[in-house]
Amino acid sequence: MIVYTLGTIFFPFDRAVDWLQILLEQEIIVEPVLLQHGATSARLNHPLLTSVPSLSRHEMYAAAQQASLVISHAGQGSTRMLAEMGACFVLLPRLKRYGEHVDDHQLLFARAVEKHGIQHCIELQQLLEYVKERPSPFQGKLFNAPSLVMHLIERYRSLELQK
């Protein structure tokens, strides 16, 4: 099973749904998919697909434990949970240019955690490659809460200096 989670923020994440449709139609994905779509229209109809608007943290945890791959928006909470679980996952950051969020903080976060070995993709071809050749389950430690706060403060501070 693949878990494909878009988060629950009210901005649509249609690009992610379009990509999932392509992966299913081209039979790149040939196993069941649990799509947690939040506010995004779950307009797909495929025999391998189960769509739900949201999952409780316990339900998401249980689904991710059973998944061979989790494809997740790049929300900090989801990323931390998946990293703590040692899950096999890849991040799909929401991008401002597609109206998927108010800014590109998910992309900045994905780039920041990349140095810890967490993969992300912003192009369909990258996602296709991660579905075919899955990343290894995450091993290690991402951040401790105080360190994460300090990391983000430092990260955004450096961005302010670049303007």
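## A parallel sheet and two cores

Let's start with one pairing: tyrosine 4 has leucine 35, in strand 2, as its bridge partner. Keep in mind that this is a predicted model. Strand 1 and strand 2 run parallel and are joined by four bridges.

Helix 2 (residues 57-66) packs on the sheet, where it touches strand 1, strand 2 and strand 4. The direction of helix 2 makes about 140° with that of strand 1.

Zooming out, the open sheet is built from six strands in the order 3-2-1-4-5-6, with parallel pairing. Strand 3 (49-52) and strand 6 (119-120) sit at the edges with a single partner strand each, so one side of each has no neighbour in the sheet.

Now for the nonpolar side chains. The largest nonpolar core has 25 residues. Tyr4 turns up again here, among the residues with the most contacts inside this core, along with Leu20, Ile29, Val33, Ile71, Leu92 and Leu127. These elements each supply at least two residues of the core:

| Element | Residues |
|---|---|
| Strand 1 | residues 2-5 |
| Helix 1 | residues 14-25 |
| Strand 2 | residues 33-36 |
| Strand 4 | residues 69-73 |
| Strand 5 | residues 89-92 |
| Helix 5 | residues 124-132 |

Helix 1 gives the largest share of this core, with six residues. Apart from this core lies another one, of 22 residues, including Ala63, Ala74, Ala83 and Phe138.

What does leucine 127 touch, leaving out residues up to four places away in sequence? Its contacts are Tyr4, Trp19, Leu23, Ile71, Val90 and Cys121.

Conventions: Residues numbered from 1 in each chain as written. Predicted model: local features only at pLDDT ≥ 70, side-chain atom pairs only at ≥ 80, totals over all residues. Heavy atoms only, no water. Core = buried A, V, L, I, M, F, W, Y, C linked by side-chain atoms within 4.5 Å. Buried < 20%, exposed > 50% of the residue type's maximum accessible area, 1.4 Å probe, protein only. Contact = heavy atoms within 4.5 Å. Pairing = 2+ DSSP bridges. Axes fitted to C-alpha atoms, helices over the stretch in contact; angles between N-to-C directions.
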